[in-house]
Amino acid sequence: MSRRIVVAAVLLVVSCAVAFPARAQTAPPPRRIVSMIPATTEMLFAMGAGDRVVGVSNYDHYPPEVERLTRVGGLADPNVERLLAMKPDLVVVYASQQELKAQLTRAGIPFYDYVHRGLPDITGTMRSLGTRIGEAAAADAAARRVEAQLEAVRARVAGRPTPRTLLVFGREAGTLRQINASAGVGFLHDLLVLAGGTDVLADIGRQSAMLSTEMVLLRAPDAIIELHYGQSLAAENVERERRVWDALGSVPAVRSRRIYLLTGDEFVIPGPRIVRAAEQFADVLHGR
Amino acid sequence: MPTRPPAPPRTRLLRTLLGFGAVAAAAIVVAPLVGSTPVSLARVFDRAIPWADNIDAQIFFIARLPRVLAAALVGASLALAGVVFQALLKNPLASPDTLGVSAGASLGAMAAITFDLDVSVLGLSPVAVASFVGSLGALGIVYALSTARRRGAPTMVLLLGGVAVQALLSAVIAFVQYLADFTQTYRNVRWVMGSLDVVSYAPIVAALAPLTLSLAGFALLPRVLDLLSVSSDSASARGVDVIRMERIALISASLATGAAVSLAGPVSFIGIIVPHLVRLIVGAGHRLVLPASALFGAAFLIGCDLIARTIVAPLELPVGIVTAIIGGPVFLWLLFRRR
């Protein structure tokens, strides 16, 4: 008796699969998308799907249109209640948001899992996300634009000397304590190499490294690029922060005054604006 | 077989100072010579090489010597504060964190990081300045608690009051962290792990002012702490102005803690394990315990920092991780050894 039930159940499942083989593909593309990550928000707008984005994270500020959208918390503290109330039909989440993914699964809301890695993954994600929302052609076109612009930067600096560069993206203001720098893995490292620099921390297989002053002295970079974003550097403090490096007088970058403080969110958001970041790296390392 | 009579107090003090002083001096001399890369002492002191071209000298004088000196000061301060708090509160678990001074310093530092405070004094970074101001705020609360003692509140009230202040400040710290963005949160977390890479001598010189005041206070305390460890009444009976001396002890220990935390972050366990280890060697008398703890605390933190900056070279571990990894098991050993 039980064997008959099992056989019948299997046949039912198989017949359903045969009868509705393309159900997932024919599902309508999402119309109410919530993006929890600034990078994917920018990708969605770049591929022309901005009008379908109804909610963004607390940290989204680009393009300007996102300022009028509903905020649904951040990576560590998503506002699940508000998110569910918006009745999204797709939520773009970061891979580490395990609890949010479990809650979305329980609520029956589809999600797109995202994680940022190296530079090629940015356009890879654009294409994958575009396919997921039914905008494969537009996403591919946007990704091609980004790739072409990055290639133009690479071509512009090709054949020039590649200064040994330290890429700093955080330290204690007014001092050289707690220097946090980009190491040999990740999109910032890839961008630096593309823009014609040699990463002095290329041998460290991590996305970031906390540096002691001893290590800066030993690695002796020819150039130091320091990234500032958000409200972390007032214009009147730029020169003061640059002078902080004077404490390390033997470092070639300090002696030749090749210390560049760059400000902008594009350096920390691995989205389509990464092209502007690459251009600025190339500008400071090789001139305009 | 006749037992040898105990050495006179002055001789024991001299022996203790020489023994622990030798350990601390050895640490201060050896630590700057060791690091993730060898430096040539001949080049370090070769005046024929221009300063700007002398990487060995820069590593020695900018990267290593200041942090060794900072470690010595911070280790000595936290150990001294631990001794005083343990005697004063009659509690072997008391530490520089117990009355909330360390939490006050942490709150100041995190507020500076989260709100991008732009206050630079005497060449100190805004984080160091805010941290010291935070510790002074907590010191004010400690002082208010000590006035409750004047009205007859027992030591236990001071201890419980301090624990409550620490809990309250921890809640405010959590709120400030909640307001921080990701990068600021990362920097906050990193600051809590402690760092002695002070880069210049300015923060060390700045810390010397409050530390000198603290040392002046500590110098008055050995006999008083011995008597207070027994009971306040016995101290009173021997002519000690208990309330006044308790206040001096509280303020000195709090000031030392604030200066140390603003210099290096809240480095844990030094203030607990160093006094206990020293008591095992020299006994409970504060005439020996205080200077021996200062010297051993300095050597201990220099050693921990040496491990922190070499064990995962070319990267380095935050020193607070090393002190906790060493301090935790040592503390457990001390705890169960006594039972």
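**Exercise 1. Find the loop that holds Arg257(A), then work out what is odd about its backbone and whether the residue is buried or exposed.**

Step 1: Arg257(A) sits in the loop between α11 (252-255) and β11 (259-263) of chain A. Helices (H or I, at least four residues) and strands (E, at least two) are DSSP runs, numbered from the N terminus.

Step 2: Check the backbone. Phi of Arg257(A) is near 60°, a positive value in a residue other than glycine. Most residues other than glycine have a negative phi, and most peptide bonds are trans.

Step 3: Arg257(A) has 41% relative accessibility, so it counts as partly exposed. The cut-offs are under 20% relative accessible area for buried, over 50% for exposed, and partly exposed in between (1.4 Å probe, protein chains only).

Before going on, a word on the model: it is predicted, so local features need pLDDT of at least 70 and side-chain atom pairs count only at pLDDT 80 or more, while totals for chains, interfaces and linings use all residues. Residues are numbered from 1 along each chain as its sequence is written, chains are lettered from A and ligands numbered from 1 in the order in which they are written, and side-chain values use heavy atoms, with hydrogens and water left out.

**Exercise 2. Do the same for Ala220(A): where is it, and what is its phi?**

Step 1: Look in the loop between α9 and β10 (223-228) of chain A.

Step 2: Ala220(A) is not a glycine, yet its phi is positive, about 45°.

Step 3: With 17% relative accessibility, Ala220(A) counts as buried.

**Exercise 3. Track down a cis peptide bond in chain A and another in chain B.**

Step 1: In chain A, go from Tyr62(A) to Pro63(A): that bond is cis, with omega near -5°. Pro63(A) belongs to the loop between β2 (53-56) and β3 (70-71) of chain A.

Step 2: In chain B, Ala313(B) and Pro314(B) are joined by a cis bond with omega about 10°. Pro314(B) is in the loop between α13 and α14 (319-337) of chain B.

**Exercise 4. Describe how chain A meets chain B.**

Step 1: Count residues. On chain A, 34 residues are in contact (heavy atoms within 4.5 Å) with 37 residues of chain B.

Step 2: Get the area. About 2,900 Å² is buried between the two chains, and carbon and sulfur atoms give 55% of that. Buried area here is the accessible area (1.4 Å probe) that two parts lose on being put together, summed over both. Arg177(A), Met210(A) and Glu214(A) supply 22% of the area that chain A buries against chain B, more than any other three residues.

Step 3: Look for charge pairs. There are two salt bridges between the chains, each a side-chain nitrogen of Lys or Arg within 4 Å of a carboxyl oxygen of Asp or Glu. One of them joins Arg255(A) and Asp53(B) at 2.6 Å, N to O.

Step 4: Ask which elements take part. β9 (208-211) and α9 (213-219) of chain A each supply at least two residues to the side that touches chain B, and α9(A) gives the largest share, six residues.

**Exercise 5. What arrangement do Tyr94(A) and Tyr114(A) form, and which strands does the pair tie together?**

Step 1: The centres are 5.7 Å apart with 70° between the planes, making the pair edge-to-face. Rings of Phe, Tyr and Trp (its six-membered ring) pair if their centres lie within 6.5 Å; planes under 30 degrees apart count as stacked, over 60 as edge-to-face and the rest as tilted.

Step 2: Tyr94(A) lies in β4 (residues 90-94) and Tyr114(A) in β5 (residues 111-114) of chain A, so the pair ties together parts 20 residues apart in sequence.

Step 3: Tyr94(A) is buried at 16% relative accessible area, and Tyr114(A) is buried at 3%.
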